[in-house]
Amino acid sequence: MKMERVLFARVGYMKMYAGPQPGDLKPVGGGKFNENDLGNEAFNFKSIDGWHYGYCRPPLKANDAASSIELGRIDPTAAALDQVGGVTVVFFSKMPGKPQAVVVGWYRNATVFREYQRLPRRVAVQRRSFPFNLRCASKDAVLLDEDQRFILYRTDGSKQGRPGTANVFYTRTQDGHIKSNFRTTSTWLDRTLEQIRDHRRVYVAPDLETATDKELKDGSRQGRQMDTKSRKAVEAWAMATAQAYYEKQGYEVEDVSLTKPYDFECRKKKGRTVLRVEVKGTTSKGEKVILTRNEVESANRHATALFVLHSIVLKRGPEPLASEGIPYILSPNWKPDPKALTPTAYEYQLPPVAKKGSQTGRT
């Protein structure tokens with residue numbers, strides 16, 4: 001039975017995991033330490049120079065010796081190593097007021113360290129010098145909105161191959177073998193990993209192909225048809241222009257376009273309120289833009305601003321160059337008007353396969 005490299009980490013519950021914020025001051029639950037102190041997992045989804053540095057606490061060794069992650073229980077070939085890469089780290093927590101544990105987010109292609117690591121001083125201050133033992137590129141980290149967090153498993157009162165109360169859950173035994181009870185009770189694990197894969201397919205398209213690509217390829221709506229480099233030049237210029245605009249307004253701007261159904265999270269330097277921003281760029285006059293279903297649903301659930309940079313000037317060539325453009329900004333309370341949404345495609349469910357001899361249905 002082949003098992004991908006995976007580690008489950010129990011953490012205290014937070015909304016953002018980006019450090020203490022009003023209404024989200026520290027992890028709730030997750031161990032006695034969190035009752036009076038700030039748990040290190042409070043910074044698990046704070047992006048620092050394009051990286052996420054995560055923390056989980058394995059069980060203490062004998063005599064309360066410093067804990068370490070057993071890498072051989074993630075991948076037997078890493079038993080003697082100090083770190084192992086290519087791991088899916090799934091963070092789960094008990095949501096306050098709910099009996100079940102929920103998945104709050106994950107790292108893909110993460111590096112897991114046996115011992116705690118420390119950041120260079122220049123960036124350590126952003127984590128209050130807390131150590132870490134998990135790391136991944138920010139583009140590979142996904143923190144689910146609270147209404148998207150899903151139950152890790154439903155319990156029937158028995159453990160049966162599922163995480164108990166330990167802060168770290170391995171899929172392998174201490175000698176590196178897949179746990180025997182997984183052969184019959186791993187449905188929850190398979191379902192969790194499949195939901196993670198499905199989420200990545202929804203929110204991160206291959207080669208950064210986004211709604212903007214579709215919008216710029218459609219000559220009838222958004223100007224002349226463009227090649228991949230031209231489309232990306234337009235998109236990058238719109239993103240850069242929008243970032244400069246919001247930074248001038250006093251925001252700290254974080255690009256979350258690879259992990260969220262919107263492009264920026266903006267925070268005032270003296271506040272913690274998050275402004276979500278969706279960015280669109282086009283060489284047309286901007287009468288219309290393309291929105292994905294996920295972008296519409298996200299904007300309807302959360303306060304979002306729409307920043308459109310239209311009339312972009314594109315200089316074509318081997319390395320296309322985008323410049324200029326006119327910004328058009330809809331307020332942070334922008335809600336896509338259903339009357340203004342035009343379906344551009346439909347998913348059609350074909351009729352069932354016809355019985356032998358029938359002239360209708362699929363053949």
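## Salt bridges, strand pairing and cores in a predicted model

D75 has a relative accessible area of 11%, and because the limit for a buried residue is under 20%, D75 counts as buried. The structure discussed here is a predicted model, and D75 is a convenient place to enter it.

The side chain of D75 meets that of R5 in a salt bridge, with an N to O distance of 2.5 Å. This pair links distant parts of the chain, since R5 lies in the segment before β1 (6-10) while D75 sits in the loop between β3 (51-54) and β4 (83-94), 70 residues apart. R5, at 29% relative accessibility, is partly exposed, whereas its partner D75 is buried. As general background, side chains of opposite charge can pair when their charged atoms come close.

The structure holds 10 salt bridges, and the table sets out three of them.

| Salt bridge | N to O distance | Burial of the partners |
|---|---|---|
| R5 and D75 | 2.5 Å | R5 partly exposed (29%), D75 buried (11%) |
| E70 and R73 | 3.6 Å | E70 partly exposed (30%), R73 buried (14%) |
| R267 and E265 | 3.3 Å | R267 buried, E265 buried |

In the pair formed by E70 and R73, the acidic partner E70 is partly exposed at 30% relative accessible area, while R73 falls in the buried class at 14%. For R267 and E265, whose closest N and O atoms are 3.3 Å apart, both residues are buried. Salt bridges with shared partners join E254, E265 and R267 into one network.

E265 also leads into the strand arrangement, as this residue stands opposite R276 in β12. Strand β11 (residues 264-268) and β12 run antiparallel and are joined by 4 bridges. On the pairing with strand β13 (residues 304-310), β12 runs in the parallel sense over 6 bridges, and E278 has L306 as its bridge partner in β13. Between these two strands the chain passes from β12 through helix α8 (residues 293-301) to β13, a β-α-β crossover that is right-handed. Of the 8 residues in strand β12 (residues 274-281), 7 are buried, so this strand is largely enclosed by the rest of the structure.

The largest nonpolar core comprises 32 residues, and those touching the most other members are L7, I69, F91, Y107, V112 and L134. At least two residues of this core come from each of β1, β4, β5 (101-117), β6 (132-137) and β7 (141-143), with β5 giving the most, namely 5 residues. For F91, leaving aside residues up to four places away in sequence, the contacts include A9, V11, F45, Y55, W106, Y107 and L134. Another core, of 19 residues, lies apart from the largest one, and among its members are A233, Y246, A305 and F307.

The cysteines deserve a brief comment. A disulfide is a covalent bond between the sulfur atoms of two cysteines. With a cut-off of 2.5 Å between cysteine sulfur atoms, the count for this model comes to 0 disulfides. Among the cysteines, C56 is buried at a relative accessible area of 1%, and C266 is likewise buried, at 0% relative accessibility.

Conventions. Residues numbered from 1 in each chain as written. Predicted model: local features only at pLDDT ≥ 70, side-chain atom pairs only at ≥ 80, totals over all residues. Heavy atoms only, no water. Buried < 20%, exposed > 50% of the residue type's maximum accessible area, 1.4 Å probe, protein only. Pairing = 2+ DSSP bridges. Right-handed = clockwise from strand over helix to strand, strands pointing away. Salt bridge = Lys/Arg side-chain N within 4 Å of Asp/Glu carboxyl O. Core = buried A, V, L, I, M, F, W, Y, C linked by side-chain atoms within 4.5 Å. Contact = heavy atoms within 4.5 Å.
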